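Got the model open in your viewer? Keep the selection box handy and work through the stops below.

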Amino acid sequence: MARIKTAVIGTGFMGRVHTEAIRRLPNVEVVAVAGLTEELASSFGRQMGIPRTTADYRELLQDPEIQAVHICTPNALHYPIAKQAVEAGKHVLCEKPMTLSLAEAKELLEAARKAGVVHCLNHNLRYYPMVQQMRAMREAGELGEILVVQGTYSQDWLLYDTDWNWRIVSKENGPLRAMGDIGSHWMDMVQHVTGLRISSLCADLMTFHKTRKRPKVDVETFAGKTLRPEDYEEVPIDTEDYGAVLIRLGERARGCFTASQVNTGCKNRLQIEIYGSKLGVMWNQERPDELWIGQRNSPNQIIVKDPALMLETARSFADLPGGHGEGYDDAHKQVFRRFYRKIEDPSAPVEFPTFEDGVRGMLLLEKILESARKGGWVDVE
Ligand code: NAI
Ligand code: SOE
């Protein structure tokens, strides 16, 4: 059977993660990669065994053999690349956050609908097996009415003023950094698991480092620890290191979360806690195979991922037996598998986040910005 030909755009952290996850699918082939320069693209091509490389992604969009593209570039390039890709009839899997603004995201969704292509926004973190177990428990009524949600996405990789990445620059990242980069994952997950939508919010943002020392050389995501202090120059900072948001969900549920890139010791601590009228559940990305279940009248439990013991609707998100861990890379495979199934068979269900979810995410980010600027609650339509 002919495999779907796909291309990866961007040769950094996510370029590698996407390429490896695509290669776990039997029906897809990575035929080309586009990088910022010829050198970056060909070095990536050599390392990953991709024969065709280019410094101009547009070349790949013009190739009728390439059916889909993965956009793994800094945020500011999502909109222009995705727009040209859908207009060229390519199916698009784009990294989060979708764009720099809500207006761009809406335009992109409209363009993708018009072109009739399959579109996916990579909120991969939804697809850890135990996150799907929480969702299945809620759908089965096991949690009861959702009353309270809380949690955090906490990291420490931007703790020092010598830590640098393109995300720090609003022109490349968008105006919200901690919220756009990782708060976006938390908000997507809480809405996906509870089935409720954030209906109003009140945000407080903080930039601890008003200036940072920018390195004179390029730094890949999470790679800053290898630089020496004398390689930097001091620049003003206009994106937040930390944010806290009070939220209302649906009619009655209440909650709050923080997103921070300066929380000492936290690496990728996405923690989500959901308290229902019957049960509470808590999950932490740093211990992904465990799910805490809180009970009022009997001892609390920690259950360990085991597809044989998971609820039916969550089971297909776990590929390995209990005791064999499934993590970050596996969650990507789950998203990509469903995205390509939809390309192969247009009647397949949409079991992955789409540009609609991306638009929702950008709306929430715009509301967070509005709330922080005015210092009060705002409604989310
Ligand atoms: P990175 O800095 O490691 O990689 C970005 C790459 O894009 C670099 O290789 C850069 O050279 C390349 N690039 C820049 N301009 C280009 C152009 N015109 N053509 C082709 N390539 C170009 O950044 P990272 O961490 O890989 O992030 C990329 C995107 O993925 C971001 O939108 C980020 O928010 C998202 N992301 C999502 C994650 C998830 O779990 N879903 C995890 C990490 C990042
Ligand atoms: C950096 O903060 C980052 O790589 C984010 O961009 C991802 O979305 C998150 O999953 C891990 O951290």
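Start with the open sheet of 9 strands, whose pairing is mixed and whose order runs β16-β15-β14-β13-β7-β12-β11-β8-β17. Strands here are DSSP runs of E of at least two residues, helices are runs of H or I of at least four residues, and both are numbered from the N terminus. Two strands pair if DSSP finds at least two bridges between them. Select 301-304 and 378-379 for the edge strands, β16 and β17, each of which pairs on one side only.

A word on what you're looking at: this is a predicted model, where local features need pLDDT of at least 70 and side-chain atom pairs count only at pLDDT 80 or more, while totals for chains, interfaces and linings use all residues. Residues are numbered from 1 along each chain as its sequence is written, chains are lettered from A and ligands numbered from 1 in the order in which they are written, and side-chain values use heavy atoms, with hydrogens and water left out.

Next, select 242-249 and 253-260. These are β11 and β12, an antiparallel pair held over 8 bridges. Pick A244 and look across to T258 in β12, its bridge partner.

**Ligand 2**

Now show ligand 2 and the 12 residues around it (a heavy atom within 4 Å). Which residues come nearest? They are K96, Q155, R167, D181 and H185. Helix α8 (178-194) gives the largest share of the shell, 3 residues. By type, the shell divides into 5 nonpolar, 4 polar and 3 charged residues. In that split, Ala, Val, Leu, Ile, Met, Phe, Trp, Tyr, Cys and Pro count as nonpolar, Asp, Glu, Lys and Arg as charged, and the others, Gly among them, as polar.

Try a few distances. From an oxygen atom of ligand 2 to a polar side-chain atom of K96 you should get 2.6 Å. For a side-chain N or O atom of H185, the distance to an oxygen atom of the ligand is 2.7 Å, and for R167 it is 2.9 Å. The protein covers 95% of the 300 Å² of accessible area that ligand 2 has on its own (Shrake-Rupley method, 1.4 Å probe; for residues, only the protein chains shown count as cover).

Stay with Q155, in the loop between β7 (146-154) and α7 (170-173). Is Q155 buried or exposed? With 2% relative accessibility, Q155 is buried (buried is under 20% relative accessible area, exposed over 50%, partly exposed in between; 1.4 Å probe, protein chains only). Its side chain makes a polar contact with the side chain of Q261, at 3.4 Å (N or O atoms within 3.5 Å; within protein, one must be able to donate a hydrogen and the other to accept it, and residues adjacent in sequence count only if both atoms are side-chain atoms).

**Salt bridges**

The count is 28 salt bridges, each a side-chain nitrogen of Lys or Arg within 4 Å of a carboxyl oxygen of Asp or Glu.

Select K213 and E234: their closest N and O atoms are 3.9 Å apart. K213 sits in β9 (211-215) and E234 in β10 (232-236), 21 residues apart. K213 is partly exposed at 27%, while E234 is exposed at 51%.

Add E233 and R214, a salt bridge at 3.3 Å. E233 lies in β10 and R214 in β9, so this pair ties together parts 19 residues apart in sequence.

Last stop: R338 and E351, a salt bridge at 3.4 Å. R338 is in helix α10 (328-344), and E351 is in the loop between α10 and α11 (355-374). R338 is buried at 4%, whereas E351 is partly exposed at 32%.
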